[in-house]
Amino acid sequence: MDASRSRWEIIASHTFTYFNFLNFFLAGLIILSGQQKNMLFMGIVITNALIGILQECKVKKLIDALSVVTATKAKRIAENGMVEEVPIGELRVGDVIRVSIGDQLAVDCETVTSQGLEVNESLLTGESLAVLKRTGDKLYSGSSAVAGTATARVLHVGEDNYAAQLVKKAKTKRRATSEMQIAIKRIIKYVGYAIIPIGIVLYVIQRHVAENPVSDSIVNTVAGVLGMIPEGLVLLTSISFILGVGRLAKKNALVQEMEAIEALARVNVLCLDKTGTITTGELKVEEMIYTNPAWDQEKIYGIMEGISYAFEETNATTDALRRYFAKSDKLKIIEKKPFSSQRKYMGITVRESGKDREYRLGAPEYLTGDRNVIARAERFAAEGMRVLLLTERESLALVVLSDVIKEDAPETFRFFREKGVDIKILSGDNPLTVSIVGSRAGLEGAERYVDARTLPENMKELRKEIGKYTVFGRVSPEKKQWIVKAFEEEDKVTGMVGDGVNDVLALKDADCGIAMASGSDAAKQSAHIVLLDSDFSSMKEIVNEGRTIISNIERVSVLYLTKTLYSILLCVLFIILGQTYPFIPIQLSLIGATAIGIPSFVLALEKHEDTIPRGFLRNVLRISLPAAVLLAGSLAAVSVLDMLFHFGEVAVSTINMLVAGLVSFGVLIIVCIPMSRIRFVLCVTVISLFCAAMILFPGFFSIAPVFELILSLFHRAG
């Protein structure tokens, strides 16, 4: 199913179906038979189609409105020099745009000016190292800015640029796994094959062996075929998924494939990055440690004030520095070097007393060979901190930063632990650092960490290793993909939460890929679900909602499959016995409405969260198959007894209705266990409706008055 179908596609999908055509054909046969009251089932068919169309159109309106939130935008520079944010679709060849850190390019450009712009082109080349872009260099859609700023002129738009190819790749991603959909489609396929030959043989038996009139033979055959059609199951599944998409949208989750709801509900291994899940993505300066006694501490502090505000572009590190250091204009900066992922530092050149001094701030191991300073930095890193070193030919100070742990992280991890979901952290950071941050956030098993570069490349060996660890550090995009695949080969239902270009491969191959709306466009296009609030903690409500939807569908699927199974068995049995089929369509309509239709819509809208084991068909058949066999066997026994004792056609029909009601409502009661107040009221109501219909309108349903039949049977027995 596609969560963004057009209105015409929605109408067509609910109207022009194999089973709808079959129902109309059966209705035509009923008209020919002259027994129009048996066309009651068409009212249900038409109502079902209308409900499906209206519900899906309603959800489509909501989804279309939410989809705007994830639309790609660009910062276009107007003729007056003002920067305006516009949708990518409004860009034209020749427009000039501003590119800064974190921007995802969705059009091909050529740089006009560049202030240390570096872009990640891993989607294009597979190379994870950033590429420095100078004036006149090409910028390709699909790449993302990781350092510096630039202005760039648009070269291609629409189908001519790489973004179009990216969309095509997203369309070829692996679809979300839906065991339920696969099982239901398989049932429909086999039943669809069986209906026509069984119907033809059943008519021949009714007409020439049971020797019924043509009219009755048609009605009996329609009843047999009608019961086999699992149209209610198809409708229920569709509407439940559609309503699920709507409910999840209200919880700020944009479902891009409906099957993802089931995959999410069954997830038992959830892989995620550290940033945005355990941490907010922000950093906080914990302290400054002065390493050179020869330098005045106040002067060093002033240098940090200057370097913190020297650059236009910002990232998590510079934001943390600016929150800690005040802005100062005391330094006369004559040259700036933005941070580069290749050199691992940023720098400023300052003119002091006629002399130029270059101050650098970056990774200690790249800026000094002083083992004492590096050892101090490593001790902080071992505690989960990030450390920057300020130098001017020699070490001046260490700046210690820490990741800001999300306040709700411990509660979120506890929720998944209670739900039986294993959390695995796949991070590009130092594994020890991630492990310590995970422990601080309350992640169980965070002390079990590994450098992913040491993991085996062989899939068979990798499968043996992955279960030993909770934290995987230094994980490349390709290794993320391999780890996700390894869990899936271990028969795990795997979810992947990501927001960056480096998550795309894993998102595409996960059973359920989940992206943050604040993340890269490539990640959102590759994912099955997008978290519009970019808040990992909202996954709690989303998982609960998914489990509610799937558990409700499994519960009511038992009711529908029981009917389909016993109808198939009855057709086969009464073909073998050569007897009149035990029901007519209007009787099945009563059983179907009270024992299946009404309960299914009530149960499908319940609010509860159950753990969903794999094996949809096995879970459903565990109840429906024995019930179907019991009902078919009971009705066959009634038919055999009728051959011996000649109860009469109307009496047998009444007994069949009572037996069918008894078994069908027995299945409903089993499905409703544990019995809540709502479920108890539901069972009492539908059983009362069934009994009232049989007692008050026996002629309409072609049965004998129940009490008269009971007295007659007792009299016969006496």
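Leaving aside its neighbours within four places in sequence, which residues is Leu 505 in contact with? Here contact means heavy atoms within 4.5 Å. The partners of Leu 505 are Pro 477, Glu 478 and Gln 481.

Before we go on, a word on the model. This is a predicted model, in which local features need pLDDT of at least 70 and side-chain atom pairs count only at pLDDT 80 or more, while totals for chains, interfaces and linings use all residues. Residues are numbered from 1 along each chain as its sequence is written, and side-chain values use heavy atoms, with hydrogens and water left out.

## The chain as a whole

The chain holds 25 helices and 21 strands. Both kinds of element are DSSP runs numbered from the N terminus, with helices being H or I over at least four residues and strands E over at least two. Of the 718 residues in the chain, 54% are buried. Buried stands for under 20% relative accessible area, exposed for over 50%, and partly exposed for what lies in between (1.4 Å probe, protein chains only). Among contacts between residues at least 6 apart in sequence, 69% join residues at least 24 apart.

Four residues illustrate the range of accessibility:

| Residue | Relative accessible area | Class |
|---|---|---|
| Cys 271 | 0% | buried |
| Leu 254 | 3% | buried |
| Leu 505 | 31% | partly exposed |
| Cys 691 | 37% | partly exposed |

Two of these rows are cysteines, Cys 271 and Cys 691. The disulfide count for the model comes to zero, where a disulfide is a pair of cysteine sulfur atoms within 2.5 Å.

Back to Leu 505, which lies in helix α18 (residues 504-509). Its C-alpha atom is separated by 6.9 Å from that of Glu 478, and the two residues are 27 apart along the chain.

## An eight-stranded open sheet

Strands of a sheet pair through backbone hydrogen bonds, either parallel or antiparallel. In this model, eight strands form an open sheet with mixed pairing, in the order β8-β21-β20-β19-β9-β16-β18-β17. Two strands count as paired if DSSP finds at least two bridges between them. The edges are β8 (253-255) and β17 (449-451), each of which pairs on one side only. From one strand to the next the twist averages 20°, based on axes that are lines fitted to C-alpha atoms, for helices over the stretch in contact, with angles from 0 to 180 degrees between N-to-C directions.

At the β17 edge, three bridges link β17 to strand β18 (residues 471-473) in the parallel sense. Here Asp 451 has Gly 473 of β18 as its bridge partner. At the β8 edge we find Leu 254. The C-alpha atoms of Leu 254 and Ala 517 are separated by 9.3 Å, although the residues are 263 apart along the chain.

How many residues of strand β19 are buried? Five of the five residues (494-498) are, so β19 is largely enclosed by the rest of the structure. Thr 494, Met 496 and Gly 498 point one way, and Gly 495 and Val 497 the other. On one of its pairings, β19 runs parallel to strand β9 (residues 269-272) with four bridges, and Leu 270 has Gly 495 as its bridge partner. Four bridges also join β19 to strand β20 (residues 512-516), again parallel, with Met 496 opposite Gly 513.

## Helix α14 and the nonpolar cores

In helix α14 (residues 409-418), the buried residues are Ala 409, Thr 412, Phe 413, Phe 415 and Phe 416. They fall within an arc of 155° seen down the axis, so they line one face of the helix; the arc is that of the directions from the helix axis to the C-beta atoms. These residues pack against β9, β15 (395-405), β16 (422-426) and α20. After α14 comes Gly 420, with a positive phi near 80°.

A nonpolar core is a set of buried Ala, Val, Leu, Ile, Met, Phe, Trp, Tyr and Cys residues joined through side-chain atoms within 4.5 Å. The largest has 118 residues, and those touching the most other members are Leu 270, Phe 416, Ile 514, Ile 529, Phe 536, Met 539 and Phe 583. Helix α20 (residues 539-577) gives the largest share of this core, 15 residues. Leaving aside neighbours within four places in sequence, Met 539 is in contact with Leu 264, Leu 270, Phe 416, Ile 514 and Leu 531. A second, separate core has 24 residues, including Phe 311, Ile 348, Leu 396 and Leu 401.
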